[in-house]
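Dear colleague,

Please find below the structure that I am handing over to you. My notes on it follow directly after.

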Amino acid sequence: AAPSRYVPLPGAGRVLKLDRQNRAVGSVALAVPGLLALSRTSDLLVVARSMSAVNPPSRMAIIRRSDMTLLDEVEVIFPRPHAIALDPRGRYAYVASLGVNQIASVRLEDGRVTLVDIPGPYHTLTQFSVSPDGHWLVATGSTSGQLLVFDIASEGTPVLARTVPVEKGPFETAFTHDGSRLYVSNLDANVVSIVEPATWTVTKVLTGPFQQPHGVVVTADGQVVWVSNRHQAGGAHQHEG
């Protein structure tokens with residue numbers, strides 16, 4: 001089948017499925033959907049809640065992609081579930097809270113939730129990325145200015161291995177396909193950090209025309225890293241409105 005794309009619409013309360021011609025071919029009603037993660041091993045899509053929602057449901061949604069059926073909404077207990085990732089082995093999802101220093105490990109087959117408390121200052125855990133070898137789960141602490149590196153070699157059991165200080169406002173991350181670099185958007189510093197996972201050190205800080213760099217993605221051929229920018233503080237365009 002041709003690949004599909006999935007888009008959360010928090011204001012409309014829907015998750016859309018689009019074909020390659022950008023035609024809507026399915027949707028699921030869901031309160032303030034936010035970040036998404038697609039399973040590599042099954043027909044599942046997991047959904048957290050939008051950062052824009054003040055008091056969203058404390059549940060993670062599980063959707064069957066083929067027919068866009070909402071299979072379950074799993075109660076993760078903590079407020080404002082936002083960061084979300086799937087373990088590459090396919091049996092667990094990881095969800096983090098914007099409001100408290102906690103991560104939930106969710107077993108997909110039965111919805112069993114295990115909470116992990118995170119030490120340190122208030123982090124505002126914003127988004128995850130998983131290393132290509134499935135060993136590391138990296139979370140951004142957008143208010144603590146840290147990357148939180150979890151060892152997930154034991155499936156479904158994230159263990160905090162270290163923290164990595166970066167520039168102000170780390171927001172999203174992306175590993176290169178060989179796992180040798182991790183790119184970090186620093187929304188509040190208008191820079192992008194490059195981290196070497198072999199030593200978990202910052203090897204370079206990219207400056208330039210960044211205005212609140214937000215999303216990061218590596219192209220399929222691994223040659224280019226795309227960085228989206230919010231521009232809410234003005235600049236190229238006025239985002240508000």
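I begin with strand 13 (residues 136–141) and strand 14, which are antiparallel and are joined by six bridges. Please note that this is a predicted model. Within this pair, Leu 137 has Phe 150 of strand 14 opposite it. Four residues lie between the two strands of this hairpin, and Gly 145 adopts a positive phi near 70 degrees there.

Strand 14 also pairs with strand 15 (residues 159–165), again in the antiparallel sense and over six bridges. Here Gln 146 has Pro 165 in strand 15 as its bridge partner. As to burial, five of the six residues of strand 14 (residues 146–151) are buried, so this strand is largely enclosed by the rest of the structure. The term buried stands for a relative accessible area under 20%.

I turn next to a sheet formed earlier in the numbering. Strands 4, 5, 6 and 7 make up an open sheet of four strands, in the order 4-5-6-7 and with antiparallel pairing. Strand 4 (33–38) and strand 7 (69–75) are at its edges; each has a single partner strand, so one side of each remains without a neighbour in the sheet. From one strand to the next, the twist averages 25 degrees. As for individual pairs, six bridges connect strand 6 (residues 59–64) with strand 7 in the antiparallel sense. Among the contacts concerned, Arg 64 has Thr 69 in strand 7 as its bridge partner.

A further open sheet of four strands follows the order 8-9-10-11, and its pairing is antiparallel. Strand 8 (81–86) and strand 11 (112–117) are its edge strands, each of which pairs on one side only. Neighbouring strands in this sheet are turned against each other by 25 degrees on average, direction ignored. Strand 8 is joined to strand 9 (residues 92–97) by four bridges, in the antiparallel sense. In this pair, Pro 81 is placed opposite Ser 97 of strand 9.

As background for reading these pairings, strands of a sheet are held in register through backbone hydrogen bonds, and the pairing may be parallel or antiparallel. In a regular strand, moreover, side chains alternate between the two faces of the sheet.

When you open the model, I would suggest starting from strand 14, given its antiparallel pairing with strand 13 and with strand 15.

Yours sincerely,
A colleague

Conventions: Residues are numbered from 1 along each chain as its sequence is written. This is a predicted model: local features need pLDDT of at least 70, side-chain atom pairs count only at pLDDT 80 or more; totals for chains, interfaces and linings use all residues. Side-chain values use heavy atoms; hydrogens and water are left out. Two strands pair if DSSP finds at least two bridges between them. Axes are lines fitted to C-alpha atoms, for helices over the stretch in contact, and angles run from 0 to 180 degrees between N-to-C directions. Buried means under 20% relative accessible area, exposed over 50%, partly exposed in between (1.4 Å probe, protein chains only).
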